[in-house]
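Visitor: I would like a close look at a single part, the place where the two protein chains meet, and then a walk outward from there.

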Number of protein chains: 2
Amino acid sequence: MTPGTPTLEMVAAAAGVSRATVSRVVNGSPKVSPQVVDAVNRAIVALNYVPNRAARTLASRQAMAIALLVPEDIGRFYADPYFASVVKGITERLEPTDYVLNLLVSSSDPRHKTRRYLAGGSVDGALVVSHHAGDRDLIELSDIVPTVFGGDPTTMLGLRDRFYVDVDNVGGARAATRHLIRLGRRRIGTVTGAMDMHAATHRLAGWRDVMSEAGLDDTAVAHGDFTSYGGADAMRDLLARRPDIDAVFVANDLMARGALITLGAAGRRVPEDVALIGFDDSFAATNVSPGLTTVRQAADTMGWSMADMLLELLAGREPETRTRILPTTLVLRETA
Amino acid sequence: MTPGTPTLEMVAAAAGVSRATVSRVVNGSPKVSPQVVDAVNRAIVALNYVPNRAARTLASRQAMAIALLVPEDIGRFYADPYFASVVKGITERLEPTDYVLNLLVSSSDPRHKTRRYLAGGSVDGALVVSHHAGDRDLIELSDIVPTVFGGDPTTMLGLRDRFYVDVDNVGGARAATRHLIRLGRRRIGTVTGAMDMHAATHRLAGWRDVMSEAGLDDTAVAHGDFTSYGGADAMRDLLARRPDIDAVFVANDLMARGALITLGAAGRRVPEDVALIGFDDSFAATNVSPGLTTVRQAADTMGWSMADMLLELLAGREPETRTRILPTTLVLRETA
DNA sequence: TTGTAAGCGTTATCAA
DNA sequence: TTGATAACGCTTACAA
């Protein structure tokens, strides 16, 4: 803070009232007489006063800030439109509130820095997105401040009774697979996401369910990593092992894009030879030709809902449920 | 801060020293006896003490935080790999320091919120990336705390004598255009970026320079907006007006991608019929087929350098120059 | 409805 | 080298 910055004290002096009164006006307390409110507000405007955040935080024990933890490589975080939507949803929920969002992408800030940040009272709560099986330290971090997870943290972190928002991954995968069968496809493979992430395992489970229910072979599985390149590689692998494949359920759109390129290079027509379904309905799906049939998950709603749940927590209210599961929808375009 | 959180006071009591001494140890002051340092550190570990950030900020008048202002739509910010690289560079420079980065994407946080954030002492300085001609309020914001711009703020904001880092946009555009001419192309068009951004005007200027120097027609100009769709549209426009065009310099890779699609749809072979050069050398360039010839700008270096300059400023040192210009390189791939 | 005064957890200035 | 003690700018009982 540059010297000369106006303080509560100075506003109080200018308005001819006490510091406490100015504080009340600033915080919208109802028990201040209209004339005083007016005088104070005039002084605030005249001095161009803005409350000092650190002082406020210290006195009120509230930072009015929320951290978004992304235990992911920064390039990955930016490359996947899915994250963009989640962040968008979060900021939309936060916008009308006084809370600000602080993004902590793990590769950028080392974990001990993150820990100090949370433990140092910089934020009142945290949102975790994209956690992996190995992220043991997230368990510790999520104990420091109230935390809401994006995606079930039970599967990969063994964290029970946590607050989380998830999409119906299993249901979405089931719907996609069922659609492929309905299309008459029988030799259906899948490209999974990074298997240390719950979304990957859940989507694989959904595919497998339907395949075995239908009495079809459920072993045409190739593992990707949720990136475009990973998807292309996995598709190549799958094609090598199962050249007669006639449909593929790919665990996200980015990988589906990669798969599309591989299929094209291999001379397979989509959807004539091989039908393809992705997951996310992100920009990656709409921005490709042929248009990708995919499972829509409302990533922005997910972000919104996570923030909403955390705000409940911070307000001292117990959310109705510790878990919110969002629906998915199959969006038919050209690839299946 | 949850009640029960250990404070300096408690550490002092546990170590049998004064508060001041603990503070010295925490801040690595050299004039503390080794034994005392030891005792204090033991107490810190035992209590799991982490200094309270707000208290520190209040007392030291330093937030140890930097804001990254992005006056851009959030979707746009995430969609362009260029920003990812800039952020990466910034975080890399910040990583070994005690500073943390707070991202403020403008559509998410309304400006008055941003203003309060800066004026409230939440951060010690700011980095501005992707500013537009209309962003008058940035002028005000950049007066609140020490600020370093990414890109020359003179052109669009009329801000003189500011600190900024820029890439040699004119030089890059010149090199690209010269290369096209060297290739034997003569009817060379350009797709510009959003003309309210300095990078767009500078790149257009570079193209125009070379074209007129070579005595070629420099009127085949179509305006895009730096997005993939915008590039596709602009290319369509250009093609309609100048069907005989044999090369295009596109002001960024994302638009070049869009242009590539348009050209394909129009039955033009790239580079046989129309040669294409982009700008950025981002993921968007390498991740496309045919490989995009482009002008490489080191976006991560740009971020790194901006952060570096700001740190100088915050350390109270006057940077050697108020301006750092980074070089560009032409990267030859398949499209030209 | 308003004011007084005691913190909030640090840093920083003096003395010792 | 260490310790008191006064800020830092605000919130919040408690009085008035």
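Visitor: How many salt bridges are counted between chain A and chain B?

Guide: The count between chain A and chain B is zero, where a salt bridge is a side-chain nitrogen of Lys or Arg within 4 Å of a carboxyl oxygen of Asp or Glu. Before going on, please note that this is a predicted model, in which local features need pLDDT of at least 70 and side-chain atom pairs count only at pLDDT 80 or more, while totals for chains, interfaces and linings use all residues. Residues are numbered from 1 along each chain as its sequence is written, chains are lettered from A and ligands numbered from 1 in the order in which they are written, and side-chain values use heavy atoms, with hydrogens and water left out.

What does join the two chains can be described in several ways. In chain A, 46 residues are in contact with 46 residues of chain B, contact being heavy atoms within 4.5 Å. Together the two chains bury about 4,000 Å², and 55% of this lies on carbon and sulfur atoms; buried area is the accessible area (1.4 Å probe) that two parts lose on being put together, summed over both. There are also 14 residue pairs in polar contact across this interface, with both residues at pLDDT 80 or more. A polar contact is a pair of N or O atoms within 3.5 Å; within protein, one must be able to donate a hydrogen and the other to accept it, and residues adjacent in sequence count only if both atoms are side-chain atoms.

Several elements of chain A supply at least two residues each to the side that touches chain B, among them α4, α5 (74-79), α6 (81-94), β2 (100-105) and α12 (228-241). Helices (H or I, at least four residues) and strands (E, at least two) are DSSP runs, numbered from the N terminus. The largest share of this side, six residues, comes from α4(A). By class, the side has 22 nonpolar, 14 polar and ten charged residues, counting Ala, Val, Leu, Ile, Met, Phe, Trp, Tyr, Cys and Pro as nonpolar, Asp, Glu, Lys and Arg as charged, and the others, Gly among them, as polar.

Salt bridges do occur elsewhere, since side chains of opposite charge can pair when their charged atoms come close. The whole structure holds 42 of them over all chains. One joins the side chains of D308(A) and R93(A), at 2.8 Å from N to O, and this pair links distant parts of the chain, with D308(A) in α15 (residues 299-314) and R93(A) in α6, 215 residues apart.

Helix α4(A), so prominent in the contact with chain B, also leads us to the DNA. There are 29 residues around DNA strand C, and the closest are T21(A), R24(A), V36(A), L8(B) and S23(B); a residue is near a strand if one of its heavy atoms lies within 4 Å of it. At the phosphates of strand C, a polar side-chain atom of S23(B) lies 2.4 Å from an oxygen, and a backbone N or O atom of S33(A) lies 2.8 Å from one. A base nitrogen of strand C, in turn, is 3.4 Å from a polar backbone atom of A55(B). The elements giving two or more residues to this surface are α2 (19-26) and α4 (53-60) of both chain A and chain B. The surface divides into 14 nonpolar, eight polar and seven charged residues.

DNA strand D has 28 residues around it, of which L8(A), S23(A), Y49(A), R24(B) and V36(B) come nearest. Sugar and phosphate make up 58% of the strand D atoms that come within 4 Å of the protein. Its bases are approached by R19(A), whose side chain has an N or O atom 3.4 Å from a base nitrogen, and by A59(B), where a polar backbone atom is 3.3 Å from a base oxygen. On the phosphate side, a polar side-chain atom of S33(B) lies 2.9 Å from an oxygen of strand D.

Finally, a record covers part of this region: an unreviewed UniProt entry annotates residues 6-60 of chain A as "domain: HTH lacI-type", and such annotations, given in the numbering used here with shortened feature names, may be inferred rather than shown by experiment. In the model, this span is 69% helix and 0% strand, with its end C-alpha atoms 20 Å apart.
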